[in-house]
Number of protein chains: 2
Amino acid sequence: MQDVRLMFDALREHVSRLVPLTDDEFLACTSLMIPKRVRKGAYIAQEGEASKYLAFVTSGCLRAYGIDKKGDEHIVQFALEGWWITDMYSFLTGKPGECFIDALEDSGVLLIDSGSFEKLCATVSKFERYFRILLQNNYVATHRRVLASISLSAEERYLQMLDIYPTIVQRVAQRHIASYLGITPEALSRIRQRIMKISKS
Amino acid sequence: MQDVRLMFDALREHVSRLVPLTDDEFLACTSLMIPKRVRKGAYIAQEGEASKYLAFVTSGCLRAYGIDKKGDEHIVQFALEGWWITDMYSFLTGKPGECFIDALEDSGVLLIDSGSFEKLCATVSKFERYFRILLQNNYVATHRRVLASISLSAEERYLQMLDIYPTIVQRVAQRHIASYLGITPEALSRIRQRIMKISKS
DNA sequence: CGCGACGTTGATTTGCCTCAACGATTGTGG
DNA sequence: CCACAATCGTTGAGGCAAATCAACGTCGCG
């Protein structure tokens, strides 16, 4: 695990990429964020419980997932270093959450609760700007995923994921990739086998 | 079609619901927005062409859709009165668009180009705030849709849509609903038939 | 070492797609 | 005002991609 200083450096680096910050502006945010280690398998949000925090991942990997009535998991989002993750519904409304968020690797996160988040946006307009831009980018990515899910075959969706998120495919267990794509682990195994054969010939 | 004044009233009404505005603040935005009628079937964005505008719908109904290599349409989003719609990728980057946006009914929209949009957000911080909140709400809705698409059957997705967007299901042609759900019109027809029978018995 | 989780492979089933035909509705030109 | 074409929703028959169920080898870990 990295030093707390390094965690904040990572955050500043990522914010500055979209919105340059002065030292003072960044300081306003560090005082509101709680550094935390999350061990592999540990949760930062659980369905049915209010999830107060928005998390910035400084190291490791987390996932957000829902559970259907058959008890199967369905991964809605992965978050590697430099990504934000939360149960947005619960974060915004304060109501019980709709999904689980846990760590797939030993990870480090910076947490901010919704009250502090609103205060930060209201006080430092550059942060409001930063999150507006971040959410716009997320809008593009998520709408692409929706389009893929209604227009592509399982194999095409896997190839698209390999293209867009090669790192995730490398680091995460295959059954989690399958879950993210909306298919069974067996189906993904066969798809990979098919791709191997074709690319060899 | 409604009077231009009414179109701006509708916008103000919707913005104020999230962020109260003074007359001056709202004025800054009216001067940047272009009112326009969009006849049924007319486009406000086309794939491959840069789409400069973000649109607020004051009346009628629009849709955003992509076309796959077989030539089939896949609807990513509907927008009724009070909704915003754009090809966000093209709007943000200025690059050629990824989808088409056209009107399903005679409609009225207020258009703002990306330059004016950025200026508005930079000048009037309440608008930046408004869009940040709007995008957060969109985040919740779109992630729910993703979860539905990877975890629910076609019938369950249809029932969910009936629950969340009953107005859209009423107003829009069935094949468009099918397209939005990622199924064929035939499949939707059979699903509806099955539901009718069950609810009658 | 032995247990459990994971990925693979095979056999079977199934939900939805594809293709085709049909009636109902809409709108269009003569 | 009516014939006509076009579009839409429905229904049926057959096919296919992916799910399900089951068995097996491998690996990491207690």
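This is a short talk on a predicted model with two protein chains and two DNA strands.

Hi everyone, thanks for coming. Please keep in mind that the model is predicted. I'll begin with how the chains are arranged, then go through the domains, the sheets and the DNA.

Let's start with the pair of chains. What rotation superposes chain A on chain B? A rotation of 180° does it, with 0.0 Å of shift along the axis and an RMSD of 0.0 Å. That is the relation of a two-fold axis. If you want to find the axis on your screen, look for A:Arg132: in chain A, its C-alpha is the nearest to the axis, at 2.3 Å. Both copies use the same surface, and 100% of the contact residues of chain A recur in chain B.

Now the contact between the chains itself. It takes 27 residues from chain A and 27 residues from chain B. Which elements of chain A each supply at least two residues to the side that touches chain B? They are β5 (73-80), α3 (88-93) and α5 (125-151). Of these, α5(A) gives the largest share, with 18 residues. As for chemistry, this side of chain A divides into 12 nonpolar, 10 polar and 5 charged residues.

Next, let's look inside one chain. Chain A is divided into domain 1, residues 4-139, and domain 2, residues 152-201. Taken over C-alpha atoms, the centres of these two domains of chain A are separated by 27 Å. Where they touch, domain 1 of chain A contributes 8 residues and domain 2 of chain A contributes 7 residues. On the domain 1 side, β4 (61-67) and β5 of chain A each supply at least two residues. β5(A) gives the most to that side, with 5 residues. So to speak of chemistry again, following the same classes as before: the domain 1 side that touches domain 2 in chain A has 5 nonpolar, 1 polar and 2 charged residues. You may recognise β5 of chain A, since it also supplies at least two residues to the side that touches chain B.

Let's stay in chain A for a moment and look at strand β3, residues 53-59. Is β3(A) mostly covered or mostly open? It is mostly covered, with 6 of its 7 residues buried. β3(A) is joined to β8 (residues 107-113) of chain A by 6 bridges, and the two run antiparallel. In that pairing, A:Ala55 stands opposite A:Leu111 of β8(A). β3(A) is also joined to β6 (residues 84-85) of chain A, again antiparallel, by 2 bridges. There, A:Phe56 stands opposite A:Trp84 of β6(A).

Over in chain B, we can follow a whole sheet. It is an open sheet of 4 strands, in the order β1-β8-β3-β6, with antiparallel pairing. Why is one side of β1 (34-38) and of β6 (84-85) in chain B left without a neighbour in the sheet? Both strands stand at the edges and each has a single partner strand. For β1(B), 5 bridges make an antiparallel pairing with β8 (residues 107-113) of chain B. If you'd like a pair to click on, B:Lys36 has B:Val109 in β8(B) as its bridge partner.

Now for the DNA. Around strand C there are 16 residues, and the closest are A:Gln174, A:Arg175, A:Ser189, B:Ala154 and B:Ala187. Which helices each supply at least two residues to the surface near strand C? From chain A they are α8 (174-181) and α9, and from chain B they are α6 (154-164) and α9. The largest share, 6 residues, comes from α9(A). The surface near strand C divides into 5 nonpolar, 5 polar and 6 charged residues.

Around DNA strand D there are 16 residues, of which A:Ala154, A:Ala187, B:Gln174, B:Arg175 and B:Ser189 come nearest. Here, α6 (154-164) and α9 (185-200) of chain A, together with α8 (174-181) and α9 (185-200) of chain B, each supply at least two residues. For strand D, α9(B) provides the largest share, 6 residues. That surface divides into 5 nonpolar, 5 polar and 6 charged residues.

One last residue before we stop: B:Ile164, in helix α6 of chain B. B:Ile164 is partly exposed, because it has 14 other C-beta atoms within 10 Å. Its C-alpha is 9.9 Å from that of B:Ala141, 23 residues away in sequence.

That's my tour, and I'm happy to go back to any part.

Note on methods:
Residues numbered from 1 in each chain as written. Chains lettered and ligands numbered in written order. Predicted model: local features only at pLDDT ≥ 70, side-chain atom pairs only at ≥ 80, totals over all residues. Near = placed C-beta within 6 Å. Least-squares fit on C-alpha atoms with pLDDT ≥ 70 in both. Contact = placed C-beta atoms within 7 Å. Domains from an automatic or database assignment. Buried ≥ 20, exposed ≤ 12 C-beta atoms within 10 Å, placed from the backbone. Pairing = 2+ DSSP bridges.
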